[in-house]
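Good morning, and thank you for coming. I shall take you through one structure this morning, beginning with a question about its interior.

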2 protein chains.
Amino acid sequence: MNIPDKAVNRLSLYHFILDDLREDEQYISSTKIAQLLNIDDSQVRKDIKYLDNSGKCRVGYDVKKLKSAIEKKLGFKEQRDAFIIGAGNLGSALAKYDSFSDYGLKILAMFDNDPKKIGTVINGKEVFDLTKIGNLSKRLNVNMAILTVPRETAKGTALYLAGAGIKYIWNFTPSVLDLPKDVKVWNENLIGSFLRFKNNDEV
Amino acid sequence: MNIPDKAVNRLSLYHFILDDLREDEQYISSTKIAQLLNIDDSQVRKDIKYLDNSGKCRVGYDVKKLKSAIEKKLGFKEQRDAFIIGAGNLGSALAKYDSFSDYGLKILAMFDNDPKKIGTVINGKEVFDLTKIGNLSKRLNVNMAILTVPRETAKGTALYLAGAGIKYIWNFTPSVLDLPKDVKVWNENLIGSFLRFKNNDEV
């Protein structure tokens, strides 16, 4: 799709802004969007050029058209099915986060190795024994996993997932996974995010 | 500190790698780090140049020295105190995430407006009535808040936090906050992260 990562990030934030507008706000200017995000409005206009957006006029962007252009370009409707690995606090929080489905992420089931958790249902998602994942990923045609296990077991669990046919891992653990090249890992580095925050803080 | 955001992110991942090494692994090469992250080793060497790191020799970087150089440069020991706003699933998950303290983030208390949650204790952090935050932020000298409330109440809660003296908001809600310029917001955009994942996926 050829949109740089940072632009995808900003476009999703623009979408949040449009989503939060009142029903009667039909147009929005790049200046208004830029001001809310504390960025330059030329940046906003540049990002919007990545879209197939036709709703631009003198008073600004047509809100509905811009929203749907973002949704189309970033693939909100292209559903990706995923499993959550780890039914602990973070895994459960993500399982309860219903907004994901608006952006094309559908959580089908969860996996854990704790007998007390197996068989429970979190927000409609059943928790299965981790050893069942190979079977279920094949049956449900799921190749994406969201990894939320404790740090100590992250690497081993990830290897196990790779063996079970998982090809995409969204990694929420503070661990760098060592996996075969055909498995793509996306690190959700909360620690790094906090450290960036800290290092950018001039106070 | 003048380290670009992306380098801070990568340096924190290098630290995870060093942390996970066996006790007897005394040296690590830039090639090994690069290979684990699927990046170029010149990138690793460039990032490490931001540090005051003396432990480089023929066989690679001295693990202990490199670790401590990262810790020093990224300020792991400089503690930031913070409150978690919202004692729901994500707020509770973050409150239970003890690793934060290793990187200099200390959660002192939580706030919510649900009478059923107020007074409870999550991983040693008491949940207070949100109206108490102005008082407590002054008394404990806390100016950072981690926002995990539902999307619908995000903007209003953030404004309330600003009024109560909070100057830094780590925003986990899918909402762009509209705040006075003296409040710094850091968006932890999980939706954007998933959309980047999706858009980068060539399959």
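Which residues of the largest nonpolar core touch the most other members? Please keep in mind that this is a predicted model. The core in question has 124 residues, and those that touch the most other members are Phe83(A), Ala145(A) and Leu147(A), together with Phe83(B), Ala145(B) and Leu147(B). As general background, nonpolar side chains tend to be buried together in soluble globular proteins.

Let us take one of these residues and ask about its surroundings. Setting aside neighbours within four places in sequence, Ala145(B) makes contact with Ala82(B), Phe83(B) and Ile85(B), and also with Leu161(B), Ile166(B) and Ile169(B). Phe83(B) therefore appears twice in this account: as a contact of Ala145(B), and among the residues that touch the most other core members.

I turn now to chain A as a whole. Its secondary structure consists of eight helices and 10 strands. Along the principal axes, the C-alpha atoms of the chain fill a box of roughly 60 × 40 × 30 Å. The chain has 203 residues, of which 44% count as buried. If we consider contacts between residues at least 6 apart in sequence, 51% of them join residues at least 24 apart.

Next, the strands. In general, strands of a sheet pair through backbone hydrogen bonds, and they may do so in a parallel or an antiparallel manner. Chain A offers an open sheet of three strands, antiparallel in its pairing, with the order β1-β3-β2. Its edge strands are β1 (27-28) and β2 (56-57) of chain A, each of which pairs on one side only. Two bridges connect β1(A) with β3 (residues 60-62) of chain A, and there Tyr27(A) stands opposite Asp62(A). Helix α4 (residues 63-73) of chain A packs on this sheet, where the helix touches β1 and β3 of chain A, and its direction makes about 70° with that of β3(A).

Elsewhere in chain A, strand β7 (residues 125-129) takes part in pairings of both kinds. With β5 (residues 105-112) of chain A, β7(A) runs parallel, joined by three bridges; Asp112(A) has Asp129(A) as its bridge partner. With β6 (residues 121-122) of chain A, the pairing is antiparallel, over two bridges, and Ile122(A) stands opposite Lys125(A). The hairpin of β6(A) and β7(A) has two residues between the strands, and Asn123(A) takes a positive phi near 50° there.

How do the two chains meet? In all, 43 residues of chain A are in contact with 43 residues of chain B. Which element of chain A gives the most to this side? The answer is α8(A), with nine residues. By type, the residues on this side of chain A divide into 21 nonpolar, 13 polar and nine charged.

The helix α8(A) deserves a further word. It is mostly covered, with nine of its 11 residues buried; among them are Leu190(A), Phe194(A) and Arg196(A). The buried residues of α8(A) pack against elements of chain B, including α1 (5-20) and β10 (184-187).

Finally, the relation between the copies. A turn of 180°, with a shift of 0.0 Å along the axis, lays chain A on chain B with an RMSD of 0.0 Å. The two copies are thus related as by a two-fold rotation axis. Moreover, 100% of the interface residues of chain A are also interface residues in chain B, so the copies meet through the same surface. Thank you for your attention.

Methods. Residues are numbered from 1 along each chain as its sequence is written. Chains are lettered from A and ligands numbered from 1 in the order in which they are written. This is a predicted model: local features need pLDDT of at least 70, side-chain atom pairs count only at pLDDT 80 or more; totals for chains, interfaces and linings use all residues. Two strands pair if DSSP finds at least two bridges between them. Helices (H or I, at least four residues) and strands (E, at least two) are DSSP runs, numbered from the N terminus. A residue is buried if 20 or more other C-beta atoms lie within 10 Å of its own, exposed if 12 or fewer, and partly exposed in between; C-beta atoms are placed from the backbone. Two residues are in contact if their C-beta atoms, placed from the backbone, lie within 7 Å. Axes are lines fitted to C-alpha atoms, for helices over the stretch in contact, and angles run from 0 to 180 degrees between N-to-C directions. Ala, Val, Leu, Ile, Met, Phe, Trp, Tyr, Cys and Pro count as nonpolar, Asp, Glu, Lys and Arg as charged, and the others, Gly among them, as polar. Copies are superposed by least squares on the C-alpha atoms of residues with pLDDT of at least 70 in both. A nonpolar core is a set of buried Ala, Val, Leu, Ile, Met, Phe, Trp, Tyr and Cys residues joined through C-beta atoms within 7 Å.
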